[in-house]
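Work through the exercises below with the sequence and the 3D structure at hand. Try each task before reading its solution.

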There are 2 protein chains.
Amino acid sequence: MSETIRISVDAMGGDKGPRVVVEGARLALKERKNTSFIFHGRQDQLDPLLAEFSDLKPVSTIHHCDTVILMDDKPSQALRKGRGTSSMWAALQSVKDGEADVAVSGGNTGALMAMATFCLRPIEGISRPAIAAIWPTLRSDIVVLDVGATIDDDARQLVDFSILGGALARALFDQDSPTVGLLNVGTEELKGLDHVKEAARVLAAAHDAGFTYYGFVEGDDIGKGTVDVVVTDGFTGNIALKTAEGTARQVGTYLRMALSADPMSRLGALLASRALNALRRKMDPRTVNGGVFLGLNGIVIKSHGGTDEIGVKSALGLAYEMARSRLMDKVAEGMRRFPRPLQATPVAALAPQPEAKPA
Amino acid sequence: MSETIRISVDAMGGDKGPRVVVEGARLALKERKNTSFIFHGRQDQLDPLLAEFSDLKPVSTIHHCDTVILMDDKPSQALRKGRGTSSMWAALQSVKDGEADVAVSGGNTGALMAMATFCLRPIEGISRPAIAAIWPTLRSDIVVLDVGATIDDDARQLVDFSILGGALARALFDQDSPTVGLLNVGTEELKGLDHVKEAARVLAAAHDAGFTYYGFVEGDDIGKGTVDVVVTDGFTGNIALKTAEGTARQVGTYLRMALSADPMSRLGALLASRALNALRRKMDPRTVNGGVFLGLNGIVIKSHGGTDEIGVKSALGLAYEMARSRLMDKVAEGMRRFPRPLQATPVAALAPQPEAKPA
């Protein structure tokens, strides 16, 4: 008897066109029955697709849009040509208008972030939105942000990201006070950038902020799952994410090569195929597809542009969970628990007890 | 009939004391006969160790030092207490005095970098030294730098690192013009930090510089081996390195868990054990142990503090290869081929054709 989650979908976003998007939605509906969809895009392409899927059609609406944002449109270009008219914009507008609980697009990240910021606007007190990744670790899934929205080095943003990441972790993991770590290069004195150290001072002084500040963490703490939320700037976070993806693919390739090296290994791989297939599914990047835009007045999920219907299903599943767990309420709660003055205030003044030393 | 490579070893550096260092040297000597060692450290500890190893003793000298730099000594503290007297300093001094071709220490990175910079001094025209990692990829080993020496964001340093990394790649891979890529967050307009873009402009305008500038690369290009040298600042490089290490360990753990999940998988793993053991050796972090300090008047190899004799052997092997391939000559050649004005010159003025656009 749970309420229906309404997902607004940019049906034209992604490299592979609307078919994989609609097929992904059908798969997502199978897993979560109480979902409805608004597909934004070309009616002439979407009508026949929905006609194919009799299970999906009754819970779907098509909203026709003429304009499609291309994968290589620059953010400024995308805004000029697609504001108000494109499927990407319309997907966001549905959230703004309250017709949908969450928006999903596989369109290009820069354009989507520009449009989302313009359409939904940043939450009061947050200077810039961030993109959070749900990162599988040896302990459990954790949140890593920012993985690509901002590239400024700014202590205030790292504090903002801690509040937002803490809210996302509370929504996802049902924890009252998830641990937050700042990504840094070791624990020796003199190490780390000034803005990271400044953010650490502010976070260490916070109490009952909706998260527990853990301290600095290093790159290998991500895979270990040392903390629930890893906070870093968008440049470093993006490089960490892609380096990890590249390493996982590299090790996977090594494993395939090793297990096909000689007949005995091939036989061994055959016998262990159930375990190896489970491992392959676990490491399949499509199963963790979806970046969460945080810090805007609405939930937006970025799906990978190159993914297939399985990846789209994962992104829609993530969107569903974000809406169901009331992410926006958790963010609002986070903002209340860590009160934010006006943007111009120096970051040191944000600390409840600015004189306190980092833990 | 090749000449002997003389390795100066900080026998007290590392978490596990001099025994693993001396045992590592014995293993290294087995692989490369024409090596001699100067062990710097406590005579009373080193004498009995060398007495155990009759093969190592004839090619070894002990240089007694009273002071030992601890793993948690801060760089400034280490300099104060250990300058001139510690085993770490003495290991570097041997290179400076021409008694050894290369120095190796497993002591703490910050202290070793501070002492090395103080003792050996940066090469004229290079503002700061860097630490380079030799990174196994799907194509071949590549060079990634800086992985932790500097944490400034500075275009000039990225250009310096390209020259140094190019020289290291020429020494290691026997290539005349290795490819160099700048680590960045994608190829879309507006992406990337200003100093990275500025460095790209300078590098794109260089010709016959001892390397070929490839352009921007992303995190997943490291594991693919897209370029021979990946250049980034020490903060990002350190986080990328440790994130990759963490991911490799994570995937390895998943694999072990999968292959012991049920009897059939365990049998399969047994049959494939030769291939799996080869994979384990390939992924063993001890086999790629050793960071190369670049940009100083002498070669210094940083061994991992927590490694065992196998890891020490790898670091000594790397030191041997760096000396044998005449790394310092390649660096000097790199400096000549990419002429460096005085440090105060703005980076844009370094470009042979400052008006040229990036490729």
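**Exercise 1: a helix and its end**

Just past the end of helix 6 of chain A, Asp174(A) adopts a positive phi of about 55°. The model is a predicted one.

Task: Find out whether the length of helix 6 of chain A agrees or disagrees with the span expected from its residues, and how many of these residues are buried.

Solution.
- Step 1. Helix 6 of chain A covers residues 155-173, which is 19 residues.
- Step 2. The rise is 1.5 Å a residue, taken over one less than the number of residues, so the helix should span 27 Å.
- Step 3. The C-alpha atoms at the two ends lie 26 Å apart, which agrees with the expected span.
- Step 4. A residue counts as buried if 20 or more other C-beta atoms lie within 10 Å of its own. In helix 6 of chain A, 18 of the 19 residues are buried, so the rest of the structure largely encloses this helix.

**Exercise 2: the sheet**

Task: Give the strand order of the open sheet in chain A, and state which strands stand at its edges.

Solution.
- Step 1. The sheet has eleven strands in the order 3-2-1-4-11-10-5-6-9-7-8, and the pairing is mixed.
- Step 2. Strand 3 (60-64) and strand 8 (212-217) of chain A each have a single partner strand, so they stand at the edges with one side lacking a neighbour in the sheet.
- Step 3. Ignoring direction, neighbouring strands are turned against each other by 25° on average.
- Step 4. As one pair, take strand 6 (residues 141-145) and strand 9 (residues 229-231) of chain A, which run in the parallel sense and share three bridges. Leu145(A) has Val231(A), in strand 9 of chain A, as its bridge partner.
- Step 5. Helix 2 (residues 43-52) of chain A packs on the sheet and touches strand 2 (35-41) and strand 3 of chain A; its direction makes about 165° with that of strand 3.

**Exercise 3: two chains**

Task: Describe the side of chain A that touches chain B, and state what relation links the two chains.

Solution.
- Step 1. Contacts join 57 residues of chain A to 57 residues of chain B.
- Step 2. Helix 9 of chain A gives the most to this side of chain A, with 21 residues.
- Step 3. The residues on this side of chain A comprise 30 nonpolar, 15 polar and twelve charged.
- Step 4. A turn of 180° with a shift of 0.0 Å along the axis lays chain A on chain B with an RMSD of 0.0 Å. This is the relation of a two-fold axis.
- Step 5. In chain A, the C-alpha nearest the axis belongs to Gly268(A), at 1.9 Å.
- Step 6. Of the interface residues of chain A, 100% are also interface residues in chain B, so the copies meet through the same surface.

Definitions and conventions:
Residues are numbered from 1 along each chain as its sequence is written. Chains are lettered from A and ligands numbered from 1 in the order in which they are written. This is a predicted model: local features need pLDDT of at least 70, side-chain atom pairs count only at pLDDT 80 or more; totals for chains, interfaces and linings use all residues. Helices (H or I, at least four residues) and strands (E, at least two) are DSSP runs, numbered from the N terminus. A residue is buried if 20 or more other C-beta atoms lie within 10 Å of its own, exposed if 12 or fewer, and partly exposed in between; C-beta atoms are placed from the backbone. Two residues are in contact if their C-beta atoms, placed from the backbone, lie within 7 Å. Ala, Val, Leu, Ile, Met, Phe, Trp, Tyr, Cys and Pro count as nonpolar, Asp, Glu, Lys and Arg as charged, and the others, Gly among them, as polar. Copies are superposed by least squares on the C-alpha atoms of residues with pLDDT of at least 70 in both. Two strands pair if DSSP finds at least two bridges between them. Axes are lines fitted to C-alpha atoms, for helices over the stretch in contact, and angles run from 0 to 180 degrees between N-to-C directions.
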